[in-house]
Every structure is written in structure tokens, then in C-alpha cells.
Amino acid sequence: MIFKNLILVILCIYLSGCFSAPIAYITNQGSNTVSVVDIKKKKIKQEISVGNGPVGIAISLKQSYGYISNANDSSVSVLDLQRNEVIKTIKLNGTPVGITKSSNEDYIFVSDWFNSEIYVIETKSLEVIKKMTVGKSPSGIICDTKGKYLFISNRDENTVEIYNQSDLNLVNKIKVGKHPYGVFVNKDLLFVVNVLDDSISIVNTSSFASETIKVGDHPYGVVSDLNNHFAFVTNTQDDNISVIDLKSKNEVKKIKVGGNPEGIDINEQNNILITSNWRSDSISIIDLEKQEYLYDIKTGKQSRSFGQFIKID
Amino acid sequence: MKKIITSILLIFISFNIFAHGPSPQKVEKSITINASPDKVWAIVKDFGAVQKWIPLVTDSKVEKKGEDTTRILALKSGGKVIERLKGIDEEAMKLKYEIVEGAIPVADYNSFIVVAKGSNPNQSTVTWVGRFYRVYKRNPPIPAGQDDETAVKAVTEIYDAGLPALKKLAETK
């Protein structure tokens with residue numbers, strides 16, 4: 001009996017110690033895996049085999065599932081993040097790239113780059129329930145947290161489309177820079193990187209007015225902090241991050257990271273920013289408040305993690 | 001006949017610029033050279049003189065238009081390639097360039113060459129990295145000569161021929 005209680009106590013201590021542990025789920029295009037990385041322990045907990053050429057990731061917190069878009073074999077791998085294993089592979093037709101969840105986590109939206117369509121997966125049944133045609137080469141895709149809009153960047157027509165999450169009707173379509181890719185939304189600001197213009201567009205989600213800010217070479221991913229004080233952009237061909245002051249609308253700093261940073265995610269609770277670095281097969285951890293590079297952790301090959309990839313365990 | 005070839009070439013080129021698969025490809029090669037970094041860097045950063053060391057290139061012509069510096073390379077195999085200088089970082093000894101268009105079966109090719117210090121003052125390490133896509137933009141079946149393998153092979157051949165030649169030039173000069 002005492003022994004049993006002791007085990008329980010130890011278990012509780014152990015679990016509480018794990019509670020705020022940030023875990024990064026990194027899609028590795030070159031090894032067809034997802035690396036489950038413990039950021040504090042600075043090591044890979046597990047390497048999970050998924051489909052071919054995994055790019056995008058969305059995490060449903062309610063389910064504790066990860067949804068991975070596999071560009072090279074037209075599928076979505078569904079991961080159980082408690083057990084770290086694939087529980088289903090959903091076959092699609094085209095080339096899935098961007099992937100995100102609806103605000104209520106009832107749906108997963110997947111952008112099919114080549115067929116210019118969006119797939120809607122129901123999270124309860126894990127089935128595709130709808131397919132709809134959007135602009136040319138949809139890439140980045142994200143929903144606001146209020147349940148209002150779904151935003152899609154259409155790479156080959158230099159636009160962003162705004163859909164209602166409720167009925168999936170098109171609300172607006174706006175011009176942005178050349179080859180829009182990664183998108184992020186927080187409060188009333190939508191961020192879009194323009195890969196071939198070396199810039200980001202910041203769009204007001206009420207007025208749909210937009211402005212452009214210069215960043216580095218071939219930007220891919222963007223995030224902002226909770227208060228929209230700063231935005232952070234990965235510059236793939238510069239191996240760094242641009243820090244944008246959202247008040248002055250200027251780039252105020254560049255932070256050196258690993259080779260070819262693509263995906264970027266933020267976690268204020270743990271004061272970190274993480275980039276996944278395609279060329280150096282690693283992720284870079286950055287101190288969010290100090291805006292300083294901390295360290296790299298090795299991952300699988302050609303890590304991309306296009307989307308939101310940090311989860312608190 | 002010439003016109004037909006030109007229009008075919010134009011179609012190919014325009015196709016090349018806008019189209020690629022969603023998974024980028026990578027070639028990364030390094031070589032150790034027994035010459036000082038300064039000496040090696042002087043060769044590497046000479047944007048208009050790659051014909052001196054890349055064996056697959058027979059001629060190079062530099063053109064400046066506004067802020068853009070490009071070079072037109074004549075290939076031994078007969079085709080041409082237009083490349084744009086993206087930047088020279090003297091401190092990092094790093095040159096960045098991209099392919100604008102041409103006869104190499106890749107799309108959206110971005111590259112850099114960097115010179116690093118070796119284990120002694122008379123030694124350098126040169127690393128050449130390319131990130132690019134295959135030519136064919138759609139899903140399988142992919143036409144022969146437009147797939148990932150063809151793209152990777154073409155770039156690998158250039159790097160594998162170029163780096164030993166760079167070493168030879170730097171060590172004998």
C-alpha cells in the first residue's frame with residue numbers, strides 16, 4: 001500500500017514536471033518522418049514514419065492529434081500525439097501542402113497546390129467531407145481563433161482569399177505580393193509572406209486594407225506574438241529571422257538561425273520561438289523576449305514544419 | 001527552323017520559371033583546398049569568370065541592368081544559362097546567385113558558395129549548396145528528364161566537376 005502510494009506520488013511529480021514541456025513536431029521531407037522533439041531536454045523523443053515528403057502540420061489540442069500533409073504521396077497522416085503513432089492515413093488526390101484546423105477543431109483544411117482545391121476533413125470521422133475550388137496554387141492556410149474566417153494564400157495568382165469558416169463562402173479576395181506562401185493570423189492582423197518580393201503583407205481583417213514590409217531573401221513562414229508587438233519571419237535564403245516591430249512597421253533586427261529556415265512557431269508560455277531548418281536538418285530555438293538565438297537541435301532530414309507545430313505536453 | 005526552336009525554348013523557359021513541385025531538392029558539396037581563404041575567395045567571388053574553373057562552362061558574359069548583375073553562361077553541352085548575382089558577403093566570404101533561365105533541368109534554383117578557413121592559414125574549405133525544384137510541376141506521371149532525379153543529377157554533375165577544378169586552379173595559381 002505504502003509502495004503503491006509512493007509510486008503515485010512519484011508519478012505525479014513526474015507528470016507535473018512534464019506539464020509545461022514544449023514539444024515540437026517536425027516534418028522531415030528528406031526522411032519521411034516526424035521528429036518529436038523535447039525542447040527543454042534538447043533531444044528527439046521519437047521519430048515517427050509518415051507519408052512521402054511531409055510538409056505541413058496542424059495540431060488538434062482537443063484530440064491531441066497531429067495532421068501531416070504529405071506532398072509527394074497525396075496523403076494526410078493522422079498522428080495520435082499521446083502514443084506518438086500514426087492512426088490513419090487519409091488518401092487525397094492532388095498535392096497537399098498547407099494544413100490547418102478550424103477554430104472549433106471540428107475540421108482540418110488542406111490546400112491542394114496543383115489542383116487548386118481545399119480539402120475539408122472532419123476530425124471526428126477522419127473522413128474528407130468536402131472539396132472546393134479556390135485560387136491558383138493554394139499554399140498557406142489558417143483560421144482565426146474566433147471562428148470567423150479561413151485565410152488562404154494562392155501562390156500563383158498573388159492573392160489571399162478570405163472564406164467564412166461557417167459556410168465556406170468567399171468573403172473577399174485581395175492582391176498581395178509575388179508568390180504568397182506562409183500565413184498567420186492574430187487578433188485583427190493577417191500576415192502573409194511574399195516569397196519572390198522579399199516582403200510580408202499585413203492585412204487588417206476588418207477593413208482588408210494591407211501594407212507591405214520588406215524582409216530578407218525568400219521569406220517562408222511568419223508568426224506574431226499575442227499582443228502583436230512583433231512579427232517574426234523566416235528568410236530561407238539568408239539563414240535568419242526578420243524581427244518586425246508592428247508599431248513602427250519596420251524590420252528592427254535579424255536573428256541568425258540554422259540553414260534554410262522554413263517553418264516557424266511561437267510559444268509565449270515558454271518564451272520561445274522555433275524555426276525548422278531545411279538545409280541543416282535541425283530546429284533553432286530562440287529566446288522570444290531577448291530576441292536571441294539559443295541553440296539548435298538535430299532533427300530528421302530536410303525539416304520543414306509548415307504550420308503550427310509546438311504543443312505543450 | 002530557328003524560329004521554331006526559339007519558340008520551343010521560350011515555352012520551356014516560361015514553364016521553367018513558374019512551375020515546380022512542392023518538395024525542394026538539395027545538393028551540398030564541400031572540398032578542402034590547400035590555399036589561403038583570401039586566395040580562394042578571390043576566385044569564387046569573380047562572378048563573371050566561372051569559365052576559368054567550372055569545366056562544363058565554356059564562356060561567361062556579365063550584364064548589368066539597373067541593380068541587377070547577371071551572367072550568361074555558354075555550356076559545353078551547347079545550351080545557355082542566365083544567372084543572377086544575389087549578393088556578395090565579403091565578411092562571410094559567401095556568394096549567392098540564382099538561375100533566371102536556361103538549359104539546366106531545374107526550376108527555382110537558388111545557390112550559394114561559401115569559403116571557410118581550414119585547419120591552417122593555407123587551407124580553405126569551400127561549400128557549394130543548391131536548393132531547387134524539378135521542372136515538371138504536376139503530379140505523376142512525370143515526363144522523363146523533368147523529374148527530381150534529373151534535376152539533382154544535373155546540379156550534382158556541375159558541383160562535382162566544378163569543385164575539384166576550383167581546387168586545382170587555386171592550388172596552382
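Me: In this predicted model, what share of the contacts in chain A with a separation of 6 or more comes from residues 24 or more positions apart?

Reply: Such residues account for 42% of those contacts in chain A. A contact here requires C-beta atoms within 7 Å.

Me: What makes T299(A) a buried residue?

Reply: The cut-off for a buried residue is 20 or more other C-beta atoms within 10 Å. T299(A) has 27 C-beta neighbours inside 10 Å, and therefore counts as buried.

Me: Where is T299(A) found, and which residues is it in contact with beyond its neighbours within four places in sequence?

Reply: T299(A) lies in the loop between β27 (292-298) and β28 (306-307) of chain A. Its contacts outside that sequence window include I26(A), N28(A), S35(A), V37(A) and I44(A), and also D281(A), S282(A) and I283(A). In addition, 8.6 Å separates the C-alpha atoms of T299(A) and V36(A), which are 263 residues apart along the chain.

Me: Which secondary structure elements does chain A contain, and why is chain A called as compact as a globular protein of its length?

Reply: Chain A has 1 helix and 29 strands. Its radius of gyration is 19 Å, and the globule rule gives 20 Å for 313 residues; the two values are close, so chain A is as compact as a globular protein of that length. Of the 313 residues in chain A, 51% are buried.

Me: How many residues of chain B are in contact with chain A?

Reply: In chain B, 12 residues are in contact with 18 residues of chain A. The chain B side comprises 3 nonpolar, 3 polar and 6 charged residues.

Key. Residues are numbered from 1 along each chain as its sequence is written. Chains are lettered from A and ligands numbered from 1 in the order in which they are written. This is a predicted model: local features need pLDDT of at least 70, side-chain atom pairs count only at pLDDT 80 or more; totals for chains, interfaces and linings use all residues. Two residues are in contact if their C-beta atoms, placed from the backbone, lie within 7 Å. Ala, Val, Leu, Ile, Met, Phe, Trp, Tyr, Cys and Pro count as nonpolar, Asp, Glu, Lys and Arg as charged, and the others, Gly among them, as polar. Helices (H or I, at least four residues) and strands (E, at least two) are DSSP runs, numbered from the N terminus. The radius of gyration is taken over C-alpha atoms; the globule rule is 2.2 Å times the number of residues to the power 0.38. A residue is buried if 20 or more other C-beta atoms lie within 10 Å of its own, exposed if 12 or fewer, and partly exposed in between; C-beta atoms are placed from the backbone.
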